[in-house]
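Biologist: I would like a close look at a single strand in this structure and at what surrounds it. Please take me through it in one connected account, and add other local features where they help.

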Amino acid sequence: MTETTEKSKSEKNDKILSSDIIKNVIAHANYCYNCNRCVNVCPVSYLDLFYPRNLITDLTFLTPEEALQNNNIWDCLTCGLCTEYCPMTKDKTGVNFTEIIKELRTLTSEYEPLQETLRSCNHDRVYSSIPKLMADDKIKFTNKLGFLEGTGLKIADQGEVAYFMGCVPFLTGTAPCVVGCPAGVDVQGYVSLISEGKFQESIDLIREMNPLPYLCGRICTAQCALNCNRQHHDDPVAIRELKRFVSDYEAAHPNLSKIKPVNQTKEKVAIIGAGPGGLSAAYYLARMGYKPTIFEKGDKTGGVVRYGVPQYRLSDEALDHDVDFIKSMGVEIVLNKEFGPNFTLDDLKKEGFKAVFIAVGLYVPKTLRLEGEDLPNVHVAIDFLLDRKYKCAEDPDEFKGKTFGIIGGGAVAVDVGETAVRLGATKADFVDILTEEALKNVLKDLHEAEREVMEYHFTTSTKNITQEPNGKLALNCYKIEWGEPDPETGRRPLNKVEGSDYKIVVDYVVTAIGQGLDMVPINTATDNKLKIERGKIVVDNLTYETTIPGVFAGGDIIFDSLMCAVDAIGDGREAAFSIDRYIRGVDLKEGRINNEDLKRSTIPKKYIQVNACQEMNFMPGEERLVCFEEMELGFTEEQAIKEANRCLNCNCCSNTDQIPEDYAGAVDSSGVMICNYGNQDNMSSYNATDYLTVPKSVIGILNQNEIIPVVLPDEKCCGHDIIWQGDTESFEKLARYNVKLFKDAGVKTIVFSCPEGYYTWNNEYRKLFNKRDEFDFELYHISEYIMKEKLLEDISFPNLGEVKVTYHDPCRLGRMSDVYDAPREVIRQIPGIKLIEMENNKVDADCCGVSAYISCNQNSKLLQESRIKQAIQTGAEYLITTCPKCLTHFNCYLNENKELKNKIKVIDLLTFTSKMLFMP
């Protein structure tokens with residue numbers, strides 16, 4: 001085995017030694033006469049990472065393997081400075097160091113050490129590359145141009161002038177925390193605002209998608225944190241706890257919100273139920289100018305969370321903050337009026353209500369129908385909690401010295417156990433068929449003092465309940481094993497572990513496995529016209545419309561609901577948007593997508609320091625077990641800012657990577673990943689660049705000059721990153737595909753906004769197509785095209801006074817394409833703009849610190865710091881660039897150094913131009 005391995009290695013090395021690539025590289029290296037100019041200008045040589053001349057020297061005098069071992073070619077930024085200053089490089093011949101690096105990287109697929117050093121550059125993160133999937137026809141985009149819908153921008157599929165977008169629609173994704181949040185809250189954005197000390201702005205941002213931050217800051221199931229990328233390194237960001245912090249801040253600093261009511265001039269809408277779903281729908285309808293009225297059968301708002309969640313988890317005072325804010329938006333709430341017994345759907349129509357949203361709660365307790373459920377001292381959770389929510393003070397020692405057996409292990413079961421302990425119980429045993437891993441989100445909130453008296457029996461089922469001779473109750477249990485999923489239904493069978501029977505003897509038993517819907521009053525009110533499955537109302541999973549036109553439903557009562565408050569909140573908001581469309585006569589589905597269709601942002605390819613989350617401040621264990629005051633005391637301001645700074649800002653990183661499990665989950669029967677990435681701007685984030693403004697701006701400027709560009713939804717990535725990572729085979733596939741696609745569309749001129757796409761077509765594509773008729777395009781960066789066609793001359797800009805800006809030359813557009821003047825001329829054409837050059841500009845412009853592919857480390861930060869400080873020293877308000885990666889990395893640095901965010905704003909050229917024109 002050893003001999004075979006050694007022989008294999010030898011053959012591989014011989015292949016490298018004899019390869020034409022190495023011969024060509026060494027031939028170019030021999031031009032060098034060691035003047036050291038390359039080292040003097042190299043950004044990474046100053047960081048003691050990489051020396052261009054050392055590689056050249058080693059290639060000349062050592063074996064290729066030794067040269068590659070001594071010099072990590074992935075540390076080179078391929079910024080082109082060394083090539084620019086090398087006296088032995090003329091017209092891209094001679095030493096041409098950047099070409100040498102690119103050629104050496106093509107050896108990666110056959111030389112393992114190069115693969116290892118490439119992986120280390122990515123901090124050992126492995127993803128699926130969208131450009132690679134494109135090259136291999138393993139990915140299909142169903143709505144790539146969806147972000148243009150509703151903008152009024154005009155594009156064509158045939159014509160002479162085309163705009164090549166490349167990877168811009170895929171440069172970022174939606175942060176996993178946002179995808180995981182059923183309410184779609186901009187989690188990353190509000191966490192970022194907390195890190196900047198902007199607490200009121202943070203809670204105002206939360207209310208853009210969730211009007212109940214006080215509630216969710218206390219009892220949310222925190223599905224956002226379960227998706228947080230940070231968990232792969234240490235702990236997820238304490239997102240729910242941060243939401244609670246800003247709600248506590250607002251309570252202590254009232255009347256600072258900038259959210260104000262709007263004039264309600266539109267139609268009346270009826271909401272049935274004042275729980276989280278109904279309150280949410282009413283809030284968003286009111287903000288859209290409608291007149292929502294909530295009809296609640298009880299005498300208080302809040303629904304099940306008001307009556308069923310104990311005070312120590314959610315106080316009435318906290319919930320009232322949310323309800324009062326919602327009412328302040330113009331929402332009317334009518335109490336003690338039940339849908340069905342008191343009024344019907346026909347009654348609402350007669351009173352002028354144009355649509356109805358049903359969001360009643362689940363009050364019918366579920367049981368397992370076990371033998372013994374009718375024994376004395378056997379209860380169901382909802383009744384147990386409802387009876388004690390406001391009556392605990394009447395008998396604070398109700399269960400003194402008693403023990404409990406609780407069937408179920410979720411949040412409601414925990415509420416039962418904690419309530420029982422607070423009323424004197426000495427022990428609570430939880431029996432659940434789920435694993436400890438499946439219940440980890442519930443268990444993490446249990447305090448050490450509670451764990452001592454609350455014991456979990458995981459993967460355990462209950463056979464029946466019997467009464468012992470002494471009058472106590474016995475839960476007769478056995479251990480179970482989960483079987484393999486059924487191929488058709490996906491359900492996993494529960495298999496009994498033979499010989500595992502045992503019993504738990506207690507004083508009381510409570511079943512806590514959920515509640516059901518009482519359909520009688522709803523059927524009465526709707527004349528039995530609603531479709532019902534498994535005791536739940538069936539709705540469209542995108543619009544929430546029921547089988548009755550104009551009647552919508554959401555929350556716990558709909559089929560496939562997760563039965564969480566935050567899910568109901570998301571349902572209510574989406575139903576409000578559907579109601580708005582319904583009343584206006586607009587298609588309810590057009591342009592709307594589910595969260596699962598969004599591309600999740602990957603973990604940024606940067607160094608991440610291990611840093612555990614802040615611990616929540618709790619009431620002391622002994623005290624919290626005997627009182628019903630809120631047990632969580634919240635974060636201090638210092639803790640909140642420190643915790644918020646743990647956020648990785650995932651969707652700020654402009655990469656075209658795909659999380660492997662998301663790829664696997666979206667693969668169809670033919671092995672192709674089906675994606676709907678076209679509407680990513682629906683989930684934009686406060687602190688992340690919206691890359692889609694770039695193509696919108698380009699098309700907008702062309703349209704203003706009566707140019708309707710060809711924009712092709714089937715175009716693929718230009719292949720820039722792939723070729724600079726050494727994958728020439730995939731690059732050639734992309735190049736030949738794109739060239740044919742644009743030729744078939746009749747295109748003669750192609751405009752680019754991305755410097756990498758422009759450089760790649762202008763240089764690398766030309767090398768592949770030797771014949772003139774194979775590649776006869778005219779290629780322009782958008783700044784060149786604007787100047788050539790005089791696109792801004794007849795446009796009237798508003799007079800905004802003097803605005804100081806500075807400009808950063810991206811490597812691929814500046815040094816490697818010699819386009820320095822055009823972007824500056826575009827800037828100068830905008831009235832009132834004063835362009836101030838940085839210390840190092842044009843050919844001497846500093847690199848943003850990222851290599852040709854997305855990867856950065858602490859040394860990258862040093863280069864970004866230098867460039868940002870140069871920009872600030874000019875006194876400019878804006879740092880303008882044209883490269884998405886430069887844009888990303890400068891903004892990334894500012895996000896990590898927030899004290900500088902008020903000193904400079906980083907923006908791309910086209911977005912800036914549109915901003916000055918007030919274009920969308």
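Modeller: What follows starts with one strand and its neighbours, then turns to a pocket and to two backbone angles. The model is predicted, and the values below are computed from it.

The strand is β30, which covers residues 878-881. Both of its faces are covered. Y878 and I880 lie on one side, L879 and T881 lie on the other, and all of these residues are buried, which here means under 20% relative accessible area.

β30 has a pairing with strand β28, residues 803-807. The two strands are parallel, and 3 bridges connect them. One of the residue pairs can be named: V805 has Y878 of β30 as its bridge partner. Y878 is also among the buried residues of the strand.

β30 also pairs with strand β31, residues 905-908, again in the parallel sense and here through 4 bridges. In this pairing, T881 is matched with D908 of β31. Between β30 and β31 the chain passes through helix α36, residues 884-896, and the resulting β-α-β crossover is right-handed.

β28 leads on to one of the two backbone angles. D818 sits in the loop between β28 and α34, the latter spanning 821-828. Its phi is near 60°, a positive value in a residue that is not glycine. D818 is exposed, with a relative accessible area of 60%.

The other angle belongs to T78, in the loop that links α5 (64-70) with α6 (81-85). T78 is not a glycine either, yet its phi is positive, at about 50°. Is T78 buried or exposed? T78 is buried, because its relative accessible area is 1% and the cut-off for buried is under 20%.

The pocket to describe is the second largest, with a volume of about 1300 Å³. It is lined by 42 residues, and those closest to its centre are P182, R573, E574, I593 and N595. Helices α10 (176-180) and α25 (565-584) each contribute at least two residues to the lining. The largest share comes from α25, which supplies 8 residues. By type, the lining of this pocket consists of 20 nonpolar, 9 polar and 13 charged residues.

To return to the strand you asked about, β30 is bridged to β28 and to β31, with buried residues on both of its faces.

Definitions and conventions:
Residues are numbered from 1 along each chain as its sequence is written. This is a predicted model: local features need pLDDT of at least 70, side-chain atom pairs count only at pLDDT 80 or more; totals for chains, interfaces and linings use all residues. Side-chain values use heavy atoms; hydrogens and water are left out. Buried means under 20% relative accessible area, exposed over 50%, partly exposed in between (1.4 Å probe, protein chains only). Two strands pair if DSSP finds at least two bridges between them. A crossover is right-handed if, with the strands pointing away from the viewer, the path from the first strand over the helix to the second runs clockwise. On a 1 Å grid over the protein atoms alone, a cavity is a set of points where a 1.4 Å probe fits but cannot get out, and a pocket is an open set with protein on both sides within 12 Å along at least five of seven lines; lining residues have an atom within 4 Å of a point. Grid points are joined across faces, edges and corners, and a volume is the space filled by probe spheres set on the points. Ala, Val, Leu, Ile, Met, Phe, Trp, Tyr, Cys and Pro count as nonpolar, Asp, Glu, Lys and Arg as charged, and the others, Gly among them, as polar.
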